[in-house]
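Welcome! Here are a few short exercises, each with a worked solution, to help you find your way around a new structure. Take a look at the picture and try each task before reading on.

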Amino acid sequence: MASDNKNRYDIIQKLVLLTAFILLGVFSFIAKATLNVSQLTNNVKGLKPIKEAWISSNFDEVNEYRGPKPHQGIDFASKMGIKITASFSGRVLIANSTSLHKNYGKVILIQNADNNMQSLYAHLDSFNVTAGQIINQGDVIGTVGNTGRVTGPHLHIELIKNNKRVNPNNYLDL
């Protein structure tokens, strides 16, 4: 009888150890997966929206054209008609010239999928997207224009987080 109890005890002990190792492995996998997801959503920088462009006006710059108000985005000087790509994946909220202030001209506003921000692209010549459309990072969304209040063809991009303009330099891979 004592031998049967010892065998049962050994089997139960081995099952408890095996269960502990399995649970440890599962928890370790979940922790690594969570870390990888947070790295993707918090540390991945957005794409530069135009490869063939240079920054003509940076965030917080003040100049005579705008007056004392600091610039709320980045301007990329480029030629008319150059393709603009989405810096982040998301859903297009606006793609028109009437929803926002007329100074923006033709504008696209995207609710970014991964970083709780919105991306605003202004002064476009044409649209390749429509409101409601889901787009992926790198998709062509429009072309460079000179609509709205501008001094020449360029793309103006703003990033909006919690209803405040944030410095795109901190979020884009420039």
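**Exercise 1.** How many residues does the largest nonpolar core have, and which of them have the most contacts inside it?

*Solution.* Keep in mind that you are looking at a predicted model.
Step 1: Count the members, and you reach 23 residues for the largest nonpolar core.
Step 2: Look for the residues with the most contacts inside this core, which are Ile 84, Ile 108, Tyr 121 and Ile 141.
Step 3: Trace which elements give two or more residues to it: strands S2 (74-77), S4 (90-96), S5 (106-112), S6 (117-127), S8 (140-144) and S9 (154-161).
Step 4: Now find another core, lying apart from that one; it has 7 residues, including Ile 94, Val 107, Leu 120 and Ile 160.
A general remark fits here: in soluble globular proteins, nonpolar side chains tend to be buried together.

**Exercise 2.** Find the contacts of Ile 84, leaving aside its neighbours within four places in sequence.

*Solution.* Step 1: Start with the run Asp 139, Val 140, Ile 141, Gly 142, Thr 143 and Val 144, which are among the residues in contact with Ile 84.
Step 2: Add Pro 49, Ile 50, Tyr 121, Leu 124 and Leu 155, and the list is complete.

**Exercise 3.** Which strands are joined to S8 by bridges, and how do they run?

*Solution.* Step 1: Strand S3 (residues 83-85) is joined to S8 by 3 bridges, and the two run antiparallel. In this pairing, Ile 84 stands opposite Gly 142.
Step 2: S6 and S8 are also antiparallel, with 3 bridges between them. Here Leu 124 faces Val 144 as its opposite residue.
Step 3: Check how covered S8 is: 4 of its 5 residues are buried.

**Exercise 4.** Which side chains meet in a salt bridge, and is each residue buried or partly exposed?

*Solution.* Step 1: The count comes to 1 salt bridge. Its partners are Glu 158 and Arg 165, at 2.3 Å from N to O.
Step 2: Glu 158 has a relative accessible area of 3%, so this residue is buried, the cut-off being under 20%.
Step 3: Arg 165, at 31%, is partly exposed.

**Exercise 5.** How many helices and strands does the chain have?

*Solution.* Step 1: The chain has 1 helix and 10 strands.
Step 2: Reading along the sequence gives the pattern α-β-β-β-β-β-β-β-β-β-β.
Step 3: For the whole chain of 174 residues, buried residues make up 32%.
Step 4: Among contacts with a separation of 6 or more, 61% are between residues 24 or more positions apart.

Definitions and conventions
Residues are numbered from 1 along each chain as its sequence is written. This is a predicted model: local features need pLDDT of at least 70, side-chain atom pairs count only at pLDDT 80 or more; totals for chains, interfaces and linings use all residues. Side-chain values use heavy atoms; hydrogens and water are left out. A nonpolar core is a set of buried Ala, Val, Leu, Ile, Met, Phe, Trp, Tyr and Cys residues joined through side-chain atoms within 4.5 Å. Buried means under 20% relative accessible area, exposed over 50%, partly exposed in between (1.4 Å probe, protein chains only). Contact means heavy atoms within 4.5 Å. A salt bridge is a side-chain nitrogen of Lys or Arg within 4 Å of a carboxyl oxygen of Asp or Glu. Two strands pair if DSSP finds at least two bridges between them.
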